[in-house]
Amino acid sequence: MSERDTYLAELIRLDGRGEHVSSICAGCHALALSRCVDCDDLQLYCHECTVSNHVRSPTHRIQEWTGEFFQGVSLKTFGLRVQLGHPAGQRCILPRPAFNDEFVLIDINGIHDVGLDFCGCETSDTHVRQLLRHGWYPSTSINPRTAATFRLLRHFQILSFESKASAYEYYHSLVRLTDNTGLSKPKDRYNAFMLMVREWRHLKMLKRFGRGHEASGVEGTSQGKCVVTCPACPQPGMNLPDGWEHASKDKQWLYATFVAIDANFRLKRRNVSTNEADPSLSKGWSYFVEEADYKLYLAEHLGEAQEKSTCSSHNAVNMADTKLSQGLAATGVGTIDCARHNMKRGNGVGDLQKGEKYINMDYLFFSTLRNNSLKILNVSYDIACQWHKHIWSHMESLPQSHHLNHASKIIRFFVPKFHLPAHVAKCQSLFSFNFTRFVGWTDGEALERGWSNINPVASSTKNMGPGCHRDTLDDHFGDWNWKKVVGLGASLLNKMKDALIERAEHQAAFDEFDAVISIEHRATWLSEMVIWEQNPNDTTVPNPLEMKAIAITQVGARLRLAELEANELEHGIDVSLHPEVSPSVLIASGLDLEEEQHRLKSLVESMGMHVTDTQRGSIVRMRNSLRRKIKTWARVQVLYMPAVLQGGRDDQHNAEDIVLSLPSRMKNKPCDLRLQNIEWELCYAQAYDALEELRQCLRIHCLLLTFKREWIRGQGANTRAQNALTRVHARRTACVKRYRSAWTALKALATLLKKRDWKGRLQELADDHIKPLVDPFGVGEGRRQVSWIWMMEGIDCNSDCDDDGKHQCYSRIKSDVLPGVRIEWCKSRARALRWTEEVELLTEEMGRVIRFLHWDAQRWDERKGQLAGENPAHTEGLHAYAARQAHIRRRLAAHFHALWAPYLMPTLGPGINTIHAELPLPDLTMPDAPLMDTDA
């Protein structure tokens with residue numbers, strides 16, 4: 001900031017002539033008044049030298065000194081003429097000026113009037129060819145008067161991909177670069193610019209996909225051929241190993257197609273122009289389907305009523321006929337993507353006329369899957385539970401070319417993970433990626449992540465005609481796919497690193513959980529889970545992931561809390577002291593008094609700063625009562641533990657702060673070993689009891705939260721629900737304090753009694769350990785880990801168990817907790833399996849990417865000499881472009897291989913991965929009439 005004046009002075013200095021005040025031409029020493037702001041030279045030159053210097057730079061901006069300041073002028077006024085058809089600097093003997101000698105050239109630094117001469121020699125090419133060979137793109141093929149430089153079109157195309165700038169914004173930026181005052185506006189060539197941009201996009205697409213190398217030419221292009229194919233997805237004949245069709249059953253799942261379906265209502269288009277006035281330059285060659293056939297099919301079935309959703313209130317289904325469409329020709333677009341790598345599929349995009357109707361999505365789905373020879377298909381759609389019911393009957397109304405032989409395929413339907421919680425409970429297990437074998441850690445939300453990239457384009461495409469709208473989106477989708485391809489090296493590497501960590505963590509978590517499950521329950525649950533995984537569409541097979549117990553209501557929660565309080569009375573927490581106290585009663589009473597101290601202390605802390613006299617009186621009475629109990633207990637304690645008198649009594653002002661000298665706190669004082677053993681036994685039991693009650697409170701708290709979120713509305717009802725949650729939370733806090741107190745005592749007594757290996761499943765209870773089996777507000781299912789408090793020995797049993805005759809297992813699961821443990825065991829197993837599958841699938845995908853890039857490079861190598869050009873220069877261009885494309889693919893393959901080398905596993909046989917899958921692929925072929933209930 002201290003150099004601002006210096007910087008400002010230098011900027012202002014450039015508005016003058018600087019040190020070139022002599023006005024002598026640096027080239028010929030004539031009078032010099034002009035300079036170029038685009039050359040790396042601010043010296044002044046005469047008109048003749050300025051023209052000579054810019055024979056090869058006709059779009060540079062020139063300034064002329066008026067005597068007081070510099071003013072912009074055109075090189076054309078200096079006499080510069082651009083001669084086409086000849087080397088730079090040579091003049092044609094028969095020059096042909098542009099029409100009316102008015103030619104406008106658009107370049108990245110502005111809009112320029114150019115003096116242009118075409119070659120008029122007998123051997124000259126057409127005006128269009130002369131412009132194109134000079135690197136200028138003509139706006140028309142007859143008497144062109146406007147052109148844009150190739151570098152401008154490339155610049156705008158990349159800029160629009162990255163910033164989503166519209167052609168209007170870009171063109172008017174050039175207008176302001178040319179004249180920012182509005183006093184000398186250049187000739188308006190906006191419409192010509194729009195046309196050139198659109199044609200440029202189209203021609204670049206044809207070039208990239210080798211249409212210039214094919215003997216059939218542009219018209220021989222087939223539908224869906226001009227797309228950037230996902231190299232990580234299985235592509236028969238491109239990236240699959242030999243003999244993949246005959247892979248063993250436990251490896252077939254690696255060769256599955258994953259597709260995701262969704263609609264975007266941001267990409268709407270207003271009702272401007274028509275297909276006749278503004279046709280697409282493609283005919284279904286890229287991502288959009290062929291328009292004529294698509295619209296014909298829609299016209300035949302548009303009047304058909306669409307069945308309503310019987311699941312949750314899916315607006316995409318139920319509101320399809322009421323979607324606001326006034327003034328719109330398209331309310332959005334529907335797309336089919338690669339579900340794992342977020343790439344658009346060929347012929348998988350189409351306009352929506354009125355909401356997300358089945359007829360639109362059916363056509364797009366079957367259009368993109370034409371000629372698909374893979375045996376396994378995994379389909380993700382946020383309304384899959386409804387859409388898939390009649391999918392095969394809908395297919396019969398489509399053209400024969402769009403039919404899919406579903407009887408010979410394994411087809412599974414899923415709901416994306418983020419959307420799944422909005423569905424009814426039954427859908428949340430039947431259509432879950434988390435609980436289905438052989439899908440890895442696919443989430444189905446790839447489409448949703450891609451919308452953020454394309455949505456900003458909507459502001460410019462919504463006012464386009466139908467053809468321009470489709471061509472522009474096709475170009476953006478192609479660029480999106482290409483960026484995904486070149487980014488696969490980093491993305492798959494990061495996924496692999498993450499998957500390896502998650503696999504290890506979740507496998508360890510499951511092993512720990514599984515170790516505390518009884519053999520009988522483990523065998524039963526595993527059998528139930530395997531049978532259900534192999535028959536996901538058979539509703540007669542019990543779903544082990546469904547809770548069989550009745551859900552707890554608020555009335556039930558209050559009843560449970562009352563039962564817990566009654567249980568405390570039964571255990572003598574509030575028992576009166578008897579004059580004849582045995583040692584065990586002494587220690588038990590001391591523990592009860594300690595817990596009462598904790599309760600009174602919590603009550604005092606909850607009072608806050610502004611305590612009323614009534615509250616203060618209540619606290620005083622409770623303290624007096626507790627103090628009397630402690631004194632009575634202390635008089636008996638002296639008989640058994642006389643050493644407590646050595647340090648004097650702890651006469652605290654408040655009864656809850658009095659330290660009770662239980663054996664665990666007699667550090668260096670003598671104490672009867674029998675009393676220490678009694679406290680040990682009672683504290684051990686207290687720890688298990690506290691954990692049991694804590695688990696109950698966590699379940700109640702979780703269920704009340706879910707009930708409140710889904711059903712409670714209104715201030716009064718929410719207040720009552722919050723009060724209930726507060727009471728449960730208070731009980732939970734008390735349980736935590738009771739456990740931590742027992743844990744502290746056990747650690748002290750273990751040293752005194754020389755206990756070893758006493759902890760078993762007991763651990764120090766940290767705050768992050770206190771969480772329910774399933775936290776509705778916690779992390780996602782894939783990354784969730786079970787707290788150790790749910791993996792206690794005997795967690796799945798109702799009968800007593802002995803620990804080598806030492807202690808009884810005090811953690812007794814209630815009958816309504818066992819189903820929750822079963823479900824959590826099944827989910828923990830599923831998480832471990834999904835991450836194991838993900839590692840295997842990522843390894844396969846890495847190999848597929850490298851194989852695809854080598855295949856693509858070989859394809860471009862074959863194109864080098866595939867077609868003879870019109871002349872040697874054309875032939876050389878064909879060879880050079882094909883060679884460069886092959887070189888790019890091989891460089892990408894080498895780069896990816898270097899990144900992935902530590903993770904690329906050796907193979908056995910025809911490219912089959914050596915990682916072993918736990919279970920064979922079940923027969924999941926979808927029946928003609930799904931066995932699911934229609935009210936799912």
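**Two residues, Q63 and E528**

E528 counts as partly exposed because its relative accessibility is 34%; on this scale buried means under 20% relative accessible area, exposed over 50%, and partly exposed in between, with a 1.4 Å probe and protein chains only. Before going on: this is a predicted model, where local features need pLDDT of at least 70, side-chain atom pairs count only at pLDDT 80 or more, and totals for chains, interfaces and linings use all residues. Residues are numbered from 1 along each chain as its sequence is written, and side-chain values use heavy atoms, with hydrogens and water left out.

E528 sits in helix α17, residues 519–534; helices are DSSP runs of H or I with at least four residues, strands are runs of E with at least two, and both are numbered from the N terminus. Apart from neighbours within four places in sequence, E528 contacts P544 and R822, contact being heavy atoms within 4.5 Å. V541 is 13 residues from E528 in sequence, with 8.6 Å between the C-alpha atoms.

Now to Q63, in strand β2, residues 62–65. Q63 is also partly exposed, because its relative accessibility is 23%. Setting aside neighbours within four places, its contacts include L33, R35 and F70.

Which strands pair with β2? Strand β1, residues 34–36, does so in the antiparallel sense over three bridges, and strand β3, residues 70–73, is antiparallel to β2 over four. Pairing requires that DSSP finds at least two bridges between two strands. On the β1 side, C36 bridges to I62; on the β3 side, W65 bridges to F70. The β2–β3 hairpin has four residues between the strands, and G67 there takes a positive phi near 110°.
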